[in-house]
Structure formats: C-alpha cells, structure tokens
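Open the model in your viewer and keep the sequence panel visible. This tour goes from one selection to the next and says what is found at each stop.

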Amino acid sequence: MTDHRAIPVIAYGSLSDYLMAGLKSRFHVLEVAADADPAALGPAVKDARALVSFGAVGAGAAIMDALPRLEMIGLFSVGYDKVDVDHARAKGIRVSNTPDVLTDDVADLAVGLLFATARNIAAYDRMVRSGAWARGKGVPLSARVTGRRIGILGLGRIGRAIAARLEPVAGEILYHNRRPQADTHYRYVADRIDFARQSDVIMVATSGGAETSRLVDAEILEALGPKGVIVNISRGSVIDEDALVAALTDRRIAGAGLDVFANEPHVPTALFDMDQVVLQPHQGSATVETRQAMADLVLANLDAWASGRPLVTPVA
C-alpha cells in the first residue's frame with residue numbers, strides 16, 4: 001500500500017476530531033483558518049495538493065487560486081453551494097461531497113421540526129420551565145399535523161425521505177421541482193405559487209446555490225397562507241429571510257421550523273421572541289453516527305484521489 005503521509009492536505013476551517021484524526025493518520029495536515037487571507041498563505045501551505053472543509057466554509061475561487069498545486073477538494077457536506085465548482089472544473093480540481101449518509105438524520109429532524117412547530121412543543125416547554133403553567137397561565141391550542149397537505153419543495157434524496165416519513169399521516173403529499181419525477185406517485189405542481197397555495201405545510205429540501213436563492217419569497221409565503229407552516233432544512237439562502245420575518249410578524253403564516261439561515265451563525269433577532277418559531281443551529285446531520293459516516297466518506301474520497309482511483313462521490 002502506498003504511503004501518502006507526505007502529501008500536504010489543508011484542513012480549512014474547523015473539522016471534527018474524528019475527521020482530523022483520520023486525515024493526520026493518512027496525510028501531512030496543514031490547518032488554515034476559514035477567515036485566513038488567501039494572499040497571505042505561507043510557502044508550505046501553498047504546496048498543498050488537497051483541501052478539506054465543512055460545507056458552510058466550502059472553497060471559493062480565491063483560495064483555489066492561492067494554491068497552485070491544488071488537485072482535490074473534499075467537502076464534509078452534501079451541499080456544495082459554498083464551493084465555486086465552475087472555477088474548480090476550469091482549474092482541473094476534483095471536488096467530492098458526502099451524499100446519502102446524512103439523508104435519514106436530516107429527514108428525521110425535518111419531521112421533528114414540523115411537529116415541534118405545529119404542536120407548539122418548544123413554546124410549551126418554555127411555559128413549563130418558566131413556571132407559567134403552574135401559575136395558572138392558559139395553554140394556547142396548537143395545530144394538527146395529521147391529515148394536512150404536505151408540500152415538498154425539492155424531491156431529491158432528502159425530500160423523498162421526508163415524504164416517506166410523513167406519508168402515513170399526511171392527507172396528501174405534493175411536490176415542486178424544476179421538472180416532474182417519473183418514479184414517484186406524489187402529485188407534481190409545476191407552478192411554485194400554485195404549489196404553495198395548495199399546501200398546508202411546505203418542507204424546504206431543495207439544494208442551495210444561485211438557482212434557488214430566495215426561491216421562497218413573499219409571494220410564496222402569501223400563497224401558503226395564515227394557517228401554513230414552513231420548515232427549512234436545506235440552505236438559508238433558499239428563503240428570503242426578510243420576507244419570512246415579516247410574514248411571521250404579521251401572522252400571514254402560522255409558523256416556521258428552521259435549521260438553516262442566510263447568514264449563519266447569525267439569526268434574525270426578531271425570531272427569538274416568536275413562540276410560533278422553532279430554531280436549530282444547523283444540526284440536521286448532527287448525530288454521532290452520521291457525522292462519523294460523513295467523515296469516513298471524505299476520507300474514502302481522499303484515499304481514492306491519492307491512489308489515482310475515481311472519486312467515490314464526485315461533484316466535479
């Protein structure tokens with residue numbers, strides 16, 4: 001077996017201890033802060049042939065241009081909207097991600113957020129902990145999930161997993177994609193506004209990037225209506241946050257369950273005092289099992305690259 005421990009690999013931004021241990025056992029690891037100035041990198045770093053980063057950090061054109069020997073970017077994420085993939089292709093840099101292994105956990109959280117939002121679980125928890133319930137404060141009624149029309153925005157791997165979990169309780173499942181999927185019995189709605197109008201709940205599971213930026217805008221939220229709930233476990237950029245805050249403030253939609261935000265880790269402060277909103281710190285894949293499987297897939301892609309084999313899960 002070829003020894004690759006002399007190959008310089010950048011750990012770009014914070015990575016898990018498990019992934020760092022795997023990298024250090026295989027390669028010569030150079031740690032670079034995510035906010036480092038690419039123009040100020042030292043000679044040793046500029047010799048790096050591969051870069052590993054978390055999905056929220058990615059790799060832009062500037063860092064690629066600063067690393068003349070870079071051949072490979074290993075992304076610890078299924079989403080790769082933070083990687084300039086076109087620039088990577090133009091420079092002959094391979095890119096990999098970690099699909100499939102996180103699908104179940106992200107779908108589980110999406111369903112949990114739906115029930116937590118509709119049934120006021122977080123707000124009720126705060127009521128009990130604060131002593132308000134014991135002091136006789138009335139408990140406001142919540143909304144039913146069973147029997148509602150569930151709209152899946154983006155019927156990919158995760159969207160399908162969400163739909164499968166909700167199918168036993170949903171009145172109907174419909175979806176909106178760029179184009180209809182041939183291998184599903186769920187009802188396709190081609191127009192996004194009509195899709196929102198026909199949905200009681202929208203589960204946002206589409207990919208991020210320029211094509212879907214602010215796909216969920218004021219018009220969609222207006223169409224969803226005052227009894228509607230929206231859940232987002234995809235990317236914060238998919239929702240127009242200003243429009244969402246306004247719709248929640250004015251009660252033009254009933255609630256939101258959010259795991260992702262446009263400017264993470266910063267969250268619109270207006271959301272903090274809203275009992276009809278459930279907030280999570282981008283933790284869709286954050287189980288011990290999934291994060292280890294993601295790290296193993298990053299390492300498998302790097303091992304394949306270093307050995308001259310095809311990548312296991314290539315993006316570019």
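Start by selecting Asn232, Gly236, Ile239, Glu241, Leu244, Val245, Leu258, Val260, Phe261 and Leu271, which together line the largest cavity. Keep in mind throughout that this is a predicted model. The space inside this cavity comes to about 60 Å³. How many cavities of 30 Å³ or more does the structure hold? It holds one. Now colour helix α10, residues 241–249: with three residues, this helix gives the largest share of the cavity lining. Colour the lining by residue type, and it divides into seven nonpolar residues, two polar and one charged.

**The largest pocket**

Next, select Gly79, Ala205, Thr206, Ser207 and Gly208. Of the 46 residues that line the largest pocket, these lie nearest its centre. The pocket has a volume of about 1300 Å³. Which helices should you show around it? Among those to show are α5 (103–118), α7 (157–166) and α11 (288–306), each of which supplies at least two residues of the lining. By type, the lining of this pocket is made up of 18 nonpolar, 20 polar and eight charged residues.

**The second largest pocket**

Keep α5 on display and add α6, residues 121–130. Both α5 and α6 supply at least two residues each to the lining of the second largest pocket. Which helix gives the most to this lining? It is α6, with five residues. To find the middle of the pocket, select Asn120, Ala123, Pro140, Asp275 and Gln276, the residues nearest its centre out of the 24 in the lining. The space here is about 420 Å³. Its lining divides into twelve nonpolar, six polar and six charged residues.

Stay on Asn120, which sits in the loop between α5 and α6. Its phi is near 60°, a positive value in a residue that is not glycine. Is Asn120 buried or exposed? Asn120 counts as buried because its relative accessibility is 16%, and buried means under 20%.

**A nonpolar patch on the surface**

Turn on the surface and select Val128, Trp133 and Val139. These residues make a nonpolar surface patch of about 320 Å². Zoom in on Val139, in the loop between α6 and β6 (149–153). With a relative accessible area of 41%, Val139 is partly exposed.

**Two stops along the backbone**

Go to the peptide bond from Glu264 to Pro265 and show the backbone atoms. This bond is cis, with omega near 5°. Pro265 belongs to the loop between β11 (255–258) and β12 (277–279).

Then move to His282, in the loop between β12 and α11. What is the sign of phi at His282? It is positive, at about 50°, although the residue is not a glycine. His282 has a relative accessible area of 23%, so it is partly exposed, since buried would need a value under 20%.

**Before you close the viewer**

Show the cavity and both pockets together. The one cavity of 30 Å³ or more holds about 60 Å³ of space, the largest pocket about 1300 Å³, and the second largest pocket about 420 Å³.

Methods. Residues are numbered from 1 along each chain as its sequence is written. This is a predicted model: local features need pLDDT of at least 70, side-chain atom pairs count only at pLDDT 80 or more; totals for chains, interfaces and linings use all residues. Side-chain values use heavy atoms; hydrogens and water are left out. On a 1 Å grid over the protein atoms alone, a cavity is a set of points where a 1.4 Å probe fits but cannot get out, and a pocket is an open set with protein on both sides within 12 Å along at least five of seven lines; lining residues have an atom within 4 Å of a point. Grid points are joined across faces, edges and corners, and a volume is the space filled by probe spheres set on the points. Helices (H or I, at least four residues) and strands (E, at least two) are DSSP runs, numbered from the N terminus. Ala, Val, Leu, Ile, Met, Phe, Trp, Tyr, Cys and Pro count as nonpolar, Asp, Glu, Lys and Arg as charged, and the others, Gly among them, as polar. Patches are made of residues with over 30% relative accessible area and no salt bridge: like charges are joined within 9 Å, nonpolar side chains (Val, Leu, Ile, Met, Phe, Trp, Tyr) within 5 Å. Accessible areas come from the Shrake-Rupley method with a 1.4 Å probe; for residues, only the protein chains shown count as cover. A salt bridge is a side-chain nitrogen of Lys or Arg within 4 Å of a carboxyl oxygen of Asp or Glu. Buried means under 20% relative accessible area, exposed over 50%, partly exposed in between (1.4 Å probe, protein chains only).
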